[in-house]
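Could you walk me through how to read a structure like this one? I am new to it, so please go step by step.

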Amino acid sequence: MIRYILKRVVAALITIWFIMTLTFVLMNSIPGSPISTDKVYDVALQEALNEKFGLNKPPLERYIKYIVDYAHGDFGMSYLKVGLTTNEIIAAGFPYSLRIGIYASGLIVIFGVMAGIIAALRQNKFVDRFLMVLSTLGATIPSFVFATLYLFLFSKILGLVPAFGVKPWTGYIGPVLVTSVFSMAFVTRLMRTSMIEELNQDYIRTARAKGISEFKVVTKHAMRNAILPVVTYVGPMVAMVVTGSFVIEKVFGIPGIGSLFTSSVLTRDYTMIMGITVFFAVFLVFCTLVVDILYVFVDPRIKYE
Amino acid sequence: MVEKKEHIAPELWVPLQEQEKDSEKIEKPSLTFLQDGWRRLKKNKMAMVSMFVIIVLVLSAVLIPFFWGYSYEEQTLTLSNTPPILKVYPIQDESNDMCIYITKSYDAMEVTHKGELVQLIQPTYKDVITRKSTYDLNGKELVIDYSLYTQALKEYNKLEKKYADKGEVPATAAKYLSHYFGDEAKNTTVSLVEAKNILEEKIEKCSVTYDGNRLTESKSVWNKTFILGSDSLGRDLFIRVVYGARMSLTVGIFAALVNFIIGVFYGCFAGYKGGNVDTIMMRIVDVIDSVPVTLYVILIMVVIGSGMQSIILALGLTYWVRMARIVRGQVLSLKNSEFVLAARTLGASTGRIFVKHLIPNMMGTIMVAIAMQIPNAIFTEAFLSFIGLGISAPMASWGTLCNDALASIYVYPYQLLIPAVAISVTILAFNLFSDGLRDAFDPKQRK
């Protein structure tokens with residue numbers, strides 16, 4: 001058990017190191033200095049900036065400083081947003097994205113699992129067919145189209161939600177819904193498949209034969225086993241939510257970390273890109289690690305492997 | 001004992017017809033793996049319809065640009081933002097025989113009765129303060145008065161302040177409402193949202209007067225010049241959507257190739273060698289896979305700049321991971337089978353074993369995995385283009401088309417709707433087709 005967890009932690013650390021190195025190499029292989037933009041700087045200013053960002057040092061020294069700084073949680077100064085550290089910018093944007101992410105994940109798991117169970121219990125009946133059509137559509141229409149249609153309907157025609165930003169709180173409804181559509185469709189299918197498989201098992205027949213109510217058979221026996229694939233999907237789900245935020249925060253005008261990342265990529269603010277990429281990676285790897293460890297408790301079989 | 005001989009007349013002895021030879025045999029023709037899968041695929045109606053849609057899509061993406069009258073970058077600035085269906089005012093008298101289309105910015109455009117766009121008419125006098133434009137059509141005067149909407153908007157803004165807390169508005173409170181409801185205005189109350197809706201959608205926003213008479217009769221005609229309308233720079237939306245299909249399909253095909261070449265061989269090698277080589281190679285896959293591919297693609301795009309080549313390169317570097325994992329799993333179970341042992345004993349090289357023995361045996365799984373990756377790649381391209389990292393102007397992809405339409409979504413919704421429908425239909429077709437393919441070729445994976 002402890003061996004298993006240790007192994008996972010080491011793997012997570014290696015992953016983070018790999019991504020940090022890759023980001024560093026990529027960002028440093030861009031031709032020209034990040035500071036030499038279209039604007040004409042004088043030489044003294046350019047040298048001062050090089051000195052400030054440590055760009056005049058050899059790459060290896062910069063790499064070591066980068067790893068050490070990041071290990072201490074210091075992501076450096078933004079090149080373009082004068083006077084702000086990447087940490088401050090992330091700290092300002094992350095709460096919005098985190099809130100949307102948490103609500104969306106909750107929605108995905110609760111509704112996805114429920115819809116999957118309902119579809120499995122009514123297999124090949126109308127409700128099942130209907131849910132399957134919905135989930136096919138959910139996995140087909142791009143999130144930016146959903147987002148725009150949502151805004152068109154609820155903001156422009158009905159005037160119920162703000163078209164931009166998260167004030168008042170109704171502004172959260174759209175981003176959360178749109179973020180969760182794709183994964184919700186996936187979870188529904190996943191849950192339906194594994195639920196159908198479990199319901200055909202012998203122990204379910206035994207439980208029914210003992211005279212346990214159908215509700216208990218479904219919730220206590222079948223669901224506990226059928227939910228395991230959904231638990232494994234949480235890692236990829238967090239990844240979906242993170243990448244989804246790039247688009248959704250742009251459409252809904254939310255100052256979260258996804259729109260920060262997009263804008264720093266478009267303005268080529270390299271320290272920001274590096275900082276946010278590593279931040280994303282750490283966040284994702286951490287979520288996957290937590291799921292891996294939780295999995296031991298959900299599925300005791302794994303202990304003996 | 002009397003032997004009874006039965007005599008058969010010699011003319012009854014005829015050779016058997018060629019096709020009757022096998023009539024006693026009870027056997028079906030043996031089917032190859034592909035034939036068998038194809039037979040099962042043909043029974044799946046959804047998959048066949050999807051396949052048809054994909055074929056039509058590929059053919060039109062390849063062929064239509066060769067004979068279409070416009071190129072994707074051809075701009076006609078005066079004919080910008082025309083929808084696919086035009087609401088026109090026909091004018092027919094001794095000096096003029098044409099239709100007038102009023103654009104959303106209240107300019108008059110000359111349209112033939114069939115719906116071909118002719119030109120934007122130059123006003124002789126444009127009064128910005130009273131919001132009236134005057135045109136001279138072969139000696140007759142055409143006046144467009146677009147002050148109606150602004151007046152109504154003013155009234156609505158007053159209503160919004162006055163009735164904000166009540167939420168209900170009597171229809172007599174504003175002129176545009178009482179005009180809209182006519183005789184029933186006295187007894188009607190509407191909510192503020194409804195009042196706004198009437199303002200935006202229902203009432204006439206401008207009045208068109210020709211030769212002193214107000215034109216009330218209007219008809220709808222199809223836009224014959226641009227069958228799906230034109231965008232904000234007057235480019236033909238149809239050909240741009242077709243070009244978008246080219247981009248998306250190129251990306252999809254390339255992703256499939258990468259999957260096939262890198263993914264399959266990487267997975268084969270790792271699985272076949274086993275041991276430490278396998279462990280290290282699969283750790284690398286794990287590490288790459290633990291962060292969404294989109295993030296890598298974005299990083300690579302930052303380095304090499306946006307554009308078609310960079311999308312393809314970025315996809316190529318990262319898109320093979322999942323395939324490698326699937327193939328490795330298959331190889332692990334296949335490499336100990338007798339036919340591989342036999343091949344090895346006969347001295348076949350590792351490469352030959354891969355190409356001639358392992359890969360043909362995994363073809364079903366590989367095909368299914370590829371078919372599932374193509375829509376993912378198309379999605380990724382649309383997504384990147386949408387956030388401004390993909391194809392750059394003047395090239396068109398479905399993602400950029402959607403992004404371009406976003407700025408004027410409330411005024412020209414068709415500009416978003418058309419590429420959005422195109423993406424959705426394509427992805428749906430690929431998804432259903434790959435589902436069908438999976439059921440036909442890889443029944444073990446069936447979900």
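**Reading domains, interfaces and helix crossings**

Q: Which distance separates the centres of domain 1 of chain B and domain 3 of chain B?

A: The centres, taken over C-alpha atoms, are 52 Å apart. Domain bounds come from an automatic or database domain assignment. Here chain B splits into domain 1 (85-146 + 206-222), domain 2 (149-201) and domain 3 (237-445). The model is predicted: local features need pLDDT of at least 70, side-chain atom pairs count only at pLDDT 80 or more, and totals for chains, interfaces and linings use all residues. Residues are numbered from 1 along each chain as its sequence is written, with chains lettered from A and ligands numbered from 1 in the order in which they are written.

Q: How many residues of chain B are in contact with chain A?

A: Contact means C-beta atoms, placed from the backbone, within 7 Å. By that rule, 34 residues of chain B touch 39 residues of chain A. On the chain B side, helices H5 (192-202), H8 (293-304), H12 (350-386), H13 (398-406) and H14 (414-441) each give two or more residues.

Q: How do I read a helix pair, and at what angle do H7 and H9 of chain A cross?

A: Fit lines to C-alpha atoms over the stretch in contact, then take the angle, from 0 to 180 degrees, between N-to-C directions. The axes of H7 (residues 173-199) and H9 (residues 214-226) of chain A come within 8 Å and cross at roughly 130 degrees. H7(A) is therefore oblique to H9(A) (under 35 degrees is roughly parallel, over 145 roughly antiparallel, 65 to 115 roughly perpendicular, the rest oblique).

Definitions and conventions. Contact = placed C-beta atoms within 7 Å. Helix = DSSP H or I, 4+ residues; strand = E, 2+ residues; numbered from the N terminus.
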